[in-house]
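This report goes through the packing of one protein chain. Please look at the sequence and structure below before reading on.

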Amino acid sequence: MMLAFDLMVTLILISLGVLHVYWACGGKFGSQAVIPDRSTEPESPPLFAPGKTVTIMVAILLWGAAYVLTVQSGIISDFVGLNPRIFFYLCSVCSIVFAVRALGDFRYVGWFKTVRGTRFSSMDYIFYTPLCMLLSTVFALSAFGWFHE
């Protein structure tokens, strides 16, 4: 059962990486609801404007996280040649990063955000924060090897 979750999360991470590359290459699909707005005012400027380099770096990190998860869960073998113990630590770091993202910054993102009523805040509440908690949970379970055969 856990293997199915690992595979699902791996596909999600790979897909999100591909989506980030699409955005870095100028794609617009879905990009209106992925950056927090400064306020609830119509046409409020986004909180920040990520450049192409940063967006590509996020894609690489997402793909790296997918690799770490697949190695730690035993789906694939490590072809890089790292110490197997490093994957425990990397899964733990990924779990913490996604949990912190789900908790948020207490203003714009996460469960405890105060800026509400924007397109981003709606998507964050419905989709992004629960996804981050799912990712955090799967990484934590994989880090400790729970539920793996």
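The sections below cover the nonpolar cores, the aromatic residues, one tryptophan and the main pocket.

## Nonpolar cores

The structure is a predicted model. Its largest nonpolar core consists of 23 residues. Within this core, Val9, Leu13, Phe98, Leu135 and Phe139 have the most contacts. Two or more core residues come from each of these elements: helix H1 (2-24), helix H2 (52-72), helix H3 (84-103) and helix H4 (119-143). Apart from this core lies another one, made of six residues, including Ala33, Val109, Val115 and Tyr128.

Phe98 can be followed in detail. Leaving aside residues up to four places away in sequence, Phe98 touches Leu13, Cys132, Leu135, Ser136 and Phe139. Leu13, Leu135 and Phe139 are, like Phe98, among the residues with the most contacts inside the largest core.

## Aromatic residues

Seven aromatic pairs are found in a search of the whole structure. One of them joins Phe120 and Tyr128, with 5.6 Å from centre to centre and 35 degrees between the planes. The pair counts as tilted because its angle falls neither under 30 degrees, as for stacked rings, nor over 60, as for edge-to-face rings. Both Phe120 and Tyr128 are buried, and Tyr128 also belongs to the core of six residues.

A single aromatic cluster is formed by Tyr67, Phe79 and Phe87. At Phe88, the ring has the charged end of Arg85 over it, 4.7 Å from the ring centre.

## Trp111

Trp111 is located in the loop between H3 and H4. Is this residue buried, exposed or partly exposed? Trp111 has a relative accessible area of 42%, and it is therefore partly exposed, since this value lies between the limits of 20% for buried and 50% for exposed.

Residues touched by Trp111, not counting those up to four places away in sequence, are Ala102, Leu103, Arg116, Thr129 and Met133. Thr129 is 18 residues from Trp111 along the chain, and 6.9 Å separates their C-alpha atoms.

## Largest pocket

The volume of the largest pocket is about 1500 Å³. Its lining is made up of 49 residues. Those nearest the centre of the pocket are His20, Trp23, Val34, Ile35 and Val58.

Which helices supply at least two residues of the lining? H1, H2, H3 and H4 each do. H2 provides the largest share, with nine residues. These four helices also each give two or more residues to the largest nonpolar core.

Definitions and conventions: Residues are numbered from 1 along each chain as its sequence is written. This is a predicted model: local features need pLDDT of at least 70, side-chain atom pairs count only at pLDDT 80 or more; totals for chains, interfaces and linings use all residues. Side-chain values use heavy atoms; hydrogens and water are left out. A nonpolar core is a set of buried Ala, Val, Leu, Ile, Met, Phe, Trp, Tyr and Cys residues joined through side-chain atoms within 4.5 Å. Buried means under 20% relative accessible area, exposed over 50%, partly exposed in between (1.4 Å probe, protein chains only). Contact means heavy atoms within 4.5 Å. Rings of Phe, Tyr and Trp (its six-membered ring) pair if their centres lie within 6.5 Å; planes under 30 degrees apart count as stacked, over 60 as edge-to-face and the rest as tilted. A charge sits over a ring if NZ of Lys or CZ of Arg is within 6 Å of the ring centre and within 35 degrees of the ring normal. On a 1 Å grid over the protein atoms alone, a cavity is a set of points where a 1.4 Å probe fits but cannot get out, and a pocket is an open set with protein on both sides within 12 Å along at least five of seven lines; lining residues have an atom within 4 Å of a point. Grid points are joined across faces, edges and corners, and a volume is the space filled by probe spheres set on the points.
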